[in-house]
Amino acid sequence: MMDGKPIFDEITGDQSGAAVFIRQGQGFYERGEWQPALDCLERALAVCHTDPRTDRRLEARTLNLLGGLYYYRAGRQSETAGCYRQALEISRELGDRAGEAKALFNLAGIYQAEGRYPEAKELLDWLVALDRELDSPDLHSHLIVLGAVRKRLKRLGLVESNHHWGDEN
């Protein structure tokens, strides 16, 4: 459980090679064995790219997981945003709104960490709109993050001062 819930909640019954590698990677992750976890997830991604039977939602999920490991555990920050952008693209192609929300949040977090606040705000605006559309339980926490980004932009003189916490514009 890399983000608090089993990877296969939304993708039931997937017994593909990619799913097996993800399960193995998950076990390594839970034991704090970062490099073997990365190896398994990278192998899962390779299977996703070569086996046409693999559910593309699994590919997007793998990219989101890899992005997090690259950023927080492997010192490979330069690869993180690319993983999240690919996950976002796949989720949008599939109409997977929950996957899209996850990728938007992850990518916005990277932009925020890099000081790219205008880009982070744009993604968070999309995310909040999506949360409202989906009646997401994450809306409140995403509004808090958006509010923090807006405050930072205001302090940097990059947005108008009439923005209020929770606004979408």
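This report covers helix α1, its packing against α2, and residue Gly109 in a predicted model.

## Basis

Residues are numbered from 1 along each chain as its sequence is written, and side-chain values use heavy atoms, with hydrogens and water left out. In this predicted model, local features need pLDDT of at least 70 and side-chain atom pairs count only at pLDDT 80 or more, while totals for chains, interfaces and linings use all residues.

## Helix α1

Helix α1 (a DSSP run of H or I, at least four residues, numbered from the N terminus) holds the 14 residues 17-30. Its end C-alpha atoms are 20 Å apart, which agrees with the 20 Å expected at 1.5 Å a residue (1.5 Å times one less than the number of residues). Just after α1, Gly32 has a positive phi of about 75 degrees.

Buried residues of α1 (under 20% relative accessible area, 1.4 Å probe, protein chains only) are Ala18, Ala19, Phe21, Ile22, Gly25, Gln26 and Gly27. Their cover includes α2 (34-50) and α3 (56-72).

## Packing of α1 on α2

The α1 and α2 axes (lines fitted to C-alpha atoms over the stretch in contact, with angles from 0 to 180 degrees between N-to-C directions) come within 8 Å and cross at roughly 165 degrees. The pair is therefore roughly antiparallel (over 145 degrees).

Among the α1 residues in contact with α2 (heavy atoms within 4.5 Å) are Phe21, Ile22, Phe28 and Tyr29; the α2 side includes Trp34, Leu41, Arg43 and Val47.

## Gly109

Gly109 lies in helix α5 (residues 97-113). Gly109 is partly exposed, at 33% relative accessible area (between the 20% and 50% limits). Its C-alpha atom is separated by 9.4 Å from that of Leu123, 14 residues apart along the chain.

Notes. Helices (H or I, at least four residues) and strands (E, at least two) are DSSP runs, numbered from the N terminus. Angles under 35 degrees count as roughly parallel, over 145 as roughly antiparallel, 65 to 115 as roughly perpendicular and the rest as oblique.
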